[in-house]
Amino acid sequence: MVSKILVVDDEPQVERLILQRFRRQVRNKEYEFTFARNGKEALSLLSEQDDIEMVLSDLNMPEMDGLTFLSKLKEIKPDLKAVIVSAYGDMKNIREAMNLGAFDFLTKPIEFEDLTATIKKTLKEAEMVRQAAFAKELEVMNEKLKELDTMKSRFFTNISHELRTPLTIIRGMADQLGKDPEEWLNKGVLMIKRNSDNLLNLVNQILDLRKLENGNLELNLVQDDIILYMRYILESFHSLAAQKDIKLTFDSKLSELYMDYDPAKILRVITNLLSNAVKFTSSKGSISLIVGQQDKKLVLKVQDTGIGIPEDKLTNIFDRFYQVDNAQSRKGEGTGIGLAIVKEFVELMEGEIWVESKLNEGTTFNISIPIRQNAELKQSSSNEEVQGAINIMVGGNTEIAKEDIKIEIAEQDLPNLLIVEDNEDVRQYLIACLQGKFNLISSENGEEGIKKAKEKVPDLIISDVMMPGKNGYELCGELKTDLLTSHIPIILLTAKADEESRISGLKHGADAYLAKPFNEEELVVRIEKLLDLRRALQHRYSNLENLTPSEDEAVQQEDEFILAIREAVLNNIDDENYGIPEVCRDLAMSRSQLHRKLKALTDRSTSHFIRSIRLQKAKELLLTTQMNVSEVAYEVGFRNPRYFSTTFSEEYGVAPNEVRK
Ligand code: ATP
Ligand code: MG
């Protein structure tokens, strides 16, 4: 390979000398020399030729001297090695050149052998620098590939979640319909239909993506009034926006505009942007679709007052599978392909798309597409058709769900079960499976779930993993570390059936894991098993005398709690006034919290539990001391020996004076 060397010198004989001396190397295509008369010329040569590997430069030259040249060189090509040539004894300038980054220096008159060696050495160094840069490039490429890989695997996880959720409902509802057709006919059919729409939409989007990848997607243009079409699209979003209490407005400077467009693709573009806007805007916010014309272009804006997108993420959001990675943005789950498709479609229309956003203030997506009028005049779609297509795309008309599929939750004397699930249909399906067997409380997200769990202290919790705000793992972690709720068994429901997430769930303290799609029987068996474990715990605490230490960390935690109460009571055993308020004070819990927790662990009320600690102590005293019954009664905080005898008999089935026999 030929190495290119730039020689910068104002003396013409240098050129002749070098070409003569290196004749052999030039002929053998080892070296190729380029010559410049001064710094200026050298810089312009360098800007044209990218493959020069080293520079040999004089210091004293007209126009631009060597030192100035060196400092400019450092700016434009920091990696290019320069060797300077100067008069022997011109040490000051040589030092300065070296400080400016020169690689080496030669003194005049140049010795040929020295020059040859220096060129060799410099080229070798340049080669090493090049290789290091290449390695770095590879590394960056590798990083990028890795990133793409994680994005893909996240995409598959999300896709499988999105497939499994509707499948769970379709399968589950088919079961319910088989069992009780009358009860489920209307709701069941509706839910099945809506969830198959979801699946269909997902599959369509994935297919579009494939077609885009293969370049097989083309435009089916019609010429029609696009303003009216936009109006239809926006109208179809009214009910969805109303459910979230979001104001939706249409703002067009044009009353009509006949132009060529592909209705299906425009529909998908606007629907994706509007559903993102709805997804990432909280209630009381507003969304507008603004339409205008600029020169020969149609300009569309979808503007929201939502959570916004961090500035450093703006360049990524059009990437396939990309989702801004924070809890708030993970809200609607999704798969991260919506915007990738939007961008590809807009480009197919020879248009442009760009985004402006401010974190916590809102986002505007802008699209411009050329206005042309060549296609056949034809009505694109009716309002109903648009509505139908959008219903499929945004997961059916959710309003129906709220009105018709509501199932009454009755208060009965059954175990209390809290369901935490953001998907309305899955929630309803769970209710369908569990009603009649449990008292059900439900909650739409992790945050609310945690609040309800602390308020109601249910007997068991079933929670989805992927949820807006706090996810299932966070819910688990938070409830399991709070003394008040640590004993409640939690079942995590998830689409992630893989081992890793199972372990992650168990690490956060989940008691069981159920992968979607699950069936009713599986679910009920899991719940019963966990409730059995709870009963075993109650049995454990029915007799505190011989509490054997447990291996299980979770049980140890509960033991500690029970033993702390026992200790508090025992420390005040002869104080008849030491009761519920005092225990609450000593354990820093509210009366109702203490009551719920104790009831769950021991199946006894707080006063009952305190009394049983006193009675146990009494039994011990009767068995190990000579104290008479009245003395024992006073010793354990009973003022009335007769009352003591009655409660003792109730608890142990024998009167205190018979214990010693
Ligand atoms: P999908 O559309 O495939 O169901 P998605 O909505 O997460 O999933 P995109 O539509 O491609 O995927 O959006 C990518 C990401 O860009 C979103 O996950 C979100 O983080 C961010 N984003 C998109 N639109 C908005 C918006 N209007 N406000 C805030 N963030 C947004
Ligand atoms: Mg989207």
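Me: How much area does the protein chain expose?
Reply: About 33,700 Å², and carbon and sulfur atoms supply 49% of that. Keep in mind that this is a predicted model.

Me: OK, and what is the chain built from, in helices and strands?
Reply: There are 25 helices and 17 strands in the protein chain.

Me: Is it spread out or a compact globule?
Reply: More spread out than a compact globule, because its radius of gyration is 39 Å, well over the 26 Å that the globule rule gives for 661 residues.

Me: What box do the C-alpha atoms fill?
Reply: Roughly 130 × 75 × 40 Å, taken along the principal axes.

Me: And what share of the residues is buried?
Reply: Buried residues come to 47% of the 661 in the chain.

Me: Now contacts. For those with a separation of 6 or more, what share comes from residues 24 or more positions apart?
Reply: That share is 68%.

Me: Switching to empty space. How many cavities of 30 Å³ or more are there?
Reply: A search of the whole structure turns up five. The largest cavity has a volume of about 80 Å³.

Me: Which residues line that largest one?
Reply: Its lining is made of Val14, Leu17, Ile18, Arg21, Phe22, Ile110, Phe112 and Leu115. By type, seven of the lining residues are nonpolar, none is polar and one is charged.

Me: Which helices do they come from?
Reply: Helix H1 (12–21) and helix H6 (112–179) each supply at least two residues.

Me: And which gives the most?
Reply: H1 does, with four residues in the lining of the largest cavity.

Me: Let's move on to pockets. What volume does the second largest pocket have?
Reply: About 460 Å³.

Me: Which of its lining residues are closest to the centre?
Reply: Out of 18 lining residues, Lys480, Asp511, Asp552, Ala554 and Val555 are the closest to the centre of the second largest pocket.

Me: Which elements give two or more residues to that lining?
Reply: Those are helix H18 (520–540) and helix H19 (553–571).

Me: How does the lining of this pocket divide by residue type?
Reply: The second largest pocket is lined by eight nonpolar, four polar and six charged residues. For the largest cavity, remember, the split was seven nonpolar, no polar and one charged.

Me: One last thing: what shows where empty space is left?
Reply: Rolling a probe the size of a water molecule over the atoms does.

Conventions. Residues are numbered from 1 along each chain as its sequence is written. Chains are lettered from A and ligands numbered from 1 in the order in which they are written. This is a predicted model: local features need pLDDT of at least 70, side-chain atom pairs count only at pLDDT 80 or more; totals for chains, interfaces and linings use all residues. Side-chain values use heavy atoms; hydrogens and water are left out. On a 1 Å grid over the protein atoms alone, a cavity is a set of points where a 1.4 Å probe fits but cannot get out, and a pocket is an open set with protein on both sides within 12 Å along at least five of seven lines; lining residues have an atom within 4 Å of a point. Grid points are joined across faces, edges and corners, and a volume is the space filled by probe spheres set on the points. Ala, Val, Leu, Ile, Met, Phe, Trp, Tyr, Cys and Pro count as nonpolar, Asp, Glu, Lys and Arg as charged, and the others, Gly among them, as polar. The radius of gyration is taken over C-alpha atoms; the globule rule is 2.2 Å times the number of residues to the power 0.38. Buried means under 20% relative accessible area, exposed over 50%, partly exposed in between (1.4 Å probe, protein chains only). Contact means heavy atoms within 4.5 Å. Accessible areas come from the Shrake-Rupley method with a 1.4 Å probe; for residues, only the protein chains shown count as cover.
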